[in-house]
Amino acid sequence: MAEAQNIPVGSTTAGSIAVAAESTVATRMSAPPSFDVADFPVPHGREEEWRFTPLERLRGLHDGTAVATGSGLKVEVEAPEGVTVETVGRDDARLGKAGTPVDRIAAQAYSAFEKASVVTVPKEKVLETPIRIAVHGEGGVAFGHQVIELGAFAEAVVVIDHTGDAVLAANVDYILGDGAKLTVVSIQDWDEKSVHVAQHNALVGRDASFKSVVVTFGGDLVRLHPRVQYAGTGGEAELFGLYFTDKGQHQEHRLLVDHNTPHCKSNVAYKGALQGDDAHAVWIGDVLIEAKAEGTDTYEMNRNLVLTDGARVDSVPNLEIETGEIVGAGHASATGRFDDEQLFYLMARGIPEHEARRLVVRGFFAELVQQIGVADIEERLIAKIEEELEAAVA
Amino acid sequence: MATLEIRDLHVTVEADNSTKEILKGVDLTVKQGETHAIMGPNGSGKSTLAYSLAGHPKYTITEGTVTLDGEDVLEMSVDERARAGLFLAMQYPVEVPGVSVSNFLRTSATAIRGEAPKLRTWVKEVKEAMERLNMDPSFAERNVNEGFSGGEKKRHEILQLELLKPKIAILDETDSGLDVDALRVVSEGVNRVRETGEVGTLLITHYTRILRYIKPDHVHVFSGGRIVESGGAELADKLEEEGYEAYTKGGASA
């Protein structure tokens with residue numbers, strides 16, 4: 001697809017590369033990071049971190065009026081042998097180690113959860129099958145905290161699957177020991193009324209590899225905030241995302257890779273398709289290369305494919321570089337309409353229009369789907385994309 | 001016998017907030033087994049004719065008729081035209097990221113033939129067709145037209161021509177941008193299809209070079225949005241020597 005062609009009315013793809021003495025990634029937030037919700041003012045909607053989010057659809061998660069219902073969210077963990085799965089209280093020392101809440105809802109989740117789930121893969125344990133965490137909403141309001149910790153040189157794939165009807169605010173911590181390899185696939189396949197706001201904190205150990213695949217299809221409002229920091233040199237982070245934003249849905253992905261350690265790598269690639277009136281996708285890609293992070297190698301990319309009129313994309317890559325001693329840093333963002341020339345080419349070979357559209361959209365997502373590496377999830381994803389497209393044709 | 005009949009075809013295009021008439025009354029009949037060369041200077045409307053026949057949405061038909069075996073082509077959607085037996089080999093084939101050549105070819109063949117080709121014979125069929133066009137087998141795993149050289153794009157077009165076996169093939173400047181070796185390979189591909197006697201070919205070109213490899217039965221000179229002279233293969237020789245000057249400087253009143 002051509003770069004930034006035919007940007008739909010009202011969409012933005014403003015990006016910036018700033019060379020700054022002090023990061024604005026932190027200073028443009030309305031309050032410094034904190035575990036206590038009282039440290040954050042109730043947002044009014046004009047703050048930098050809230051300006052794209054329809055606050056009135058957050059069901060009170062942002063202003064303290066949302067109250068946990070005690071039930072209504074079922075969490076089931078299926079883990080291979082050797083993995084420890086625990087439910088712990090608020091005082092467990094392992095909670096909050098990977099990062100601190102940076103906005104009011106993340107702090108609200110941290111202040112309000114009662115029990116946390118901790119999944120631990122011992123050092124040098126290499127899992128052959130994925131850990132599967134099924135989060136199913138049954139109409140309740142919930143605040144959650146999930147920790148996934150890998151010991152040194154452990155390797156694991158974790159699939160977190162969100163379905164059903166829920167209002168959920170959560171923090172998810174990923175702690176990778178030295179040389180560990182973690183792939184996390186987080187699927188947001190919610191029913192249409194659900195609201196899901198979460199901060200993901202990854203702390204990547206020395207020479208460890210972290211891969212996050214975020215897949216967002218469902219929900220009324222989904223706002224995820226995957227963040228990465230490095231605990232040692234040689235760490236690698238890959239953040240991939242796919243979203244399919246339908247009529248009326250708000251899907252927001254805000255990413256931060258904080259290169260706070262020398263000689264680490266990051267690669268961010270998010271792709272989304274939008275269709276229908278008031279489908280709204282927001283992508284904020286912040287990459288910060290701190291002065292001490294010499295030898296950093298980073299790239300971030302966001303692509304959006306707008307299938308119908310009436311959809312809106314806000315895509316804001318933001319790269320801040322405080323040292324010139326790096327291997328590479330780049331970003332790209334493009335939002336384009338469905339390419340009529342591609343459609344013509346395929347139809348001129350006898351392929352009916354709906355099938356041609358399917359081919360193009362599947363093709364658009366293909367390179368990211370192939371990154372998942374979990375066969376049944378890849379198949380489900382392809383089926384889901386087909387389903388979304390069928391709905392569009394009908 | 002399949003026949004494409006174009007009668008008094010007028011076509012406009014929207015450009016810079018104005019409507020411009022590009023085709024101004026084209027009459028042409030192409031029968032199965034025949035090869036017609038349409039030659040003309042740049043901007044004469046040759047490619048517009050090709051894309052209008054295939055149904056590109058950019059072009060509006062304002063007058064005239066196009067029929068294939070009596071069926072109204074202009075009433076058909078782009079894919080219906082292809083399934084009815086029209087094929088356009090494009091001058092600038094479009095990149096389709098993420099869609100492999102093998103997936104594309106099979107999807108297309110399934111649509112054109114009305115049923116999925118049997119996997120075993122299909123694999124063999126594609127492999128052999130690719131070998132004839134000197135295409136490496138790895139080609140099938142690449143994304144459609146993505147990163148293809150000019151020659152690869154044209155070979156890929158002719159590969160489709162061989163596999164889809166249309167009744168009428170329109171080749172829009174298939175020779176442009178090819179070196180002599182590629183031109184020979186591509187022309188041989190076209191000739192294999194022609195030799196079956198089952199395809200009518202409309203060869204659109206700016207240069208006479210390709211006509212050394214693909215011998216036309218009829219040559220038409222296109223200028224100012226219509227055919228201004230028709231003849232046999234000898235007309236191409238005349239154009240080779242004299243160029244289009246006679247047709248572009250007031251000689252096109254016919």
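Where in chain B is the place of Lys165(B)? In this predicted model, Lys165(B) sits in the loop that links α5 to β9 of chain B. Its backbone does something a bit unusual there: Lys165(B) has a positive phi of about 45° even though it is not a glycine. As a rule, most residues other than glycine have a negative phi. Lys165(B) comes just after α5(B), and with 16 C-beta neighbours inside 10 Å it counts as partly exposed, because being buried takes 20 or more and being exposed means 12 or fewer.

The helix that leads up to this residue, α5(B), covers residues 150–164. Its length works out nicely: 15 residues at 1.5 Å a residue should span 21 Å, and the C-alpha atoms at the two ends are indeed 21 Å apart, so expectation and model agree. Of those 15 residues, 11 are buried, so the helix is largely enclosed by the rest of the structure. The buried set includes some charged side chains, among them Lys153(B), Lys154(B), Arg155(B) and Glu157(B), along with Ile158(B), Leu159(B), Leu161(B), Leu163(B) and Leu164(B). What covers them includes the strands β6 and β9 of chain B, as well as the helices α3 (101–113), α4 (119–132) and α6 of chain B.

One of those covering helices, α6(B), is worth a closer look. Two packed helices are described by the angle between their axes and the distance between the axes. Here, the axes of α5(B) and α6(B), the latter made of residues 180–195, come within 10 Å and cross at roughly 10°. That makes the two helices roughly parallel, because angles under 35 degrees are counted that way. On the α5(B) side, the contact is made by Gly151(B), Lys154(B), Arg155(B), Ile158(B), Leu161(B) and Glu162(B). From α6(B) come Ala182(B), Val185(B), Val186(B), Gly189(B), Val190(B), Arg192(B) and Val193(B). Sorted by class, this contact has 7 nonpolar, 2 polar and 4 charged residues. An α-helix has 3.6 residues a turn, so residues three or four places apart point the same way.

Chain B also has its sheets. An open one of 6 strands runs in the order β6-β9-β10-β3-β11-β12, with mixed pairing. At its edges stand β6 (86–89) and β12 (226–231) of chain B, each with a single partner strand, so one side of each is left without a neighbour in the sheet. From one strand to the next, the twist averages 20°. Strands β11(B) (residues 218–223) and β12(B) run antiparallel and are joined by 5 bridges; Ser223(B) has Arg226(B) in β12(B) as its bridge partner. Helix α7 (residues 234–242) of chain B packs on this sheet, where it touches β3 (35–39), β11 and β12 of chain B, and its direction makes about 45° with that of β11(B).

Another open sheet in chain B has 4 strands in the order β2-β1-β4-β5, and the pairing is antiparallel. The edge strands in this case are β2 (18–31) and β5 (71–72) of chain B, each of which pairs on one side only. Strand β1(B), residues 3–15, pairs with β2(B) over 11 bridges in the antiparallel sense. Within this part of the sheet, Glu14(B) stands opposite Thr19(B) of β2(B).

Over in chain A, Asp207(A) is another residue that is not a glycine but has a positive phi, of about 60°. Asp207(A) lies in the loop between β8 (195–204) and β9 (209–216) of chain A. It has 19 other C-beta atoms within 10 Å and is therefore partly exposed.

His250(A), by contrast, is buried, because 22 other C-beta atoms lie within 10 Å. This histidine belongs to strand β12 (residues 250–259) of chain A. Leaving aside residues up to four places away in sequence, His250(A) touches Pro54(A), Arg57(A), Leu221(A) and His280(A). His280(A) is 30 residues away along the chain, yet its C-alpha atom and that of His250(A) are separated by 4.9 Å.

Finally, the two chains meet in a contact that takes 22 residues from chain A and 19 residues from chain B. On the chain A side, the elements that give two or more residues are α3 (340–347) and α4 (353–369) of chain A. The largest share, 9 residues, comes from α4(A). By class, the chain A side divides into 12 nonpolar, 3 polar and 7 charged residues.

Key. Residues are numbered from 1 along each chain as its sequence is written. Chains are lettered from A and ligands numbered from 1 in the order in which they are written. This is a predicted model: local features need pLDDT of at least 70, side-chain atom pairs count only at pLDDT 80 or more; totals for chains, interfaces and linings use all residues. Two residues are in contact if their C-beta atoms, placed from the backbone, lie within 7 Å. Two strands pair if DSSP finds at least two bridges between them. Axes are lines fitted to C-alpha atoms, for helices over the stretch in contact, and angles run from 0 to 180 degrees between N-to-C directions. Angles under 35 degrees count as roughly parallel, over 145 as roughly antiparallel, 65 to 115 as roughly perpendicular and the rest as oblique. The expected span of a helix is 1.5 Å times one less than its number of residues.
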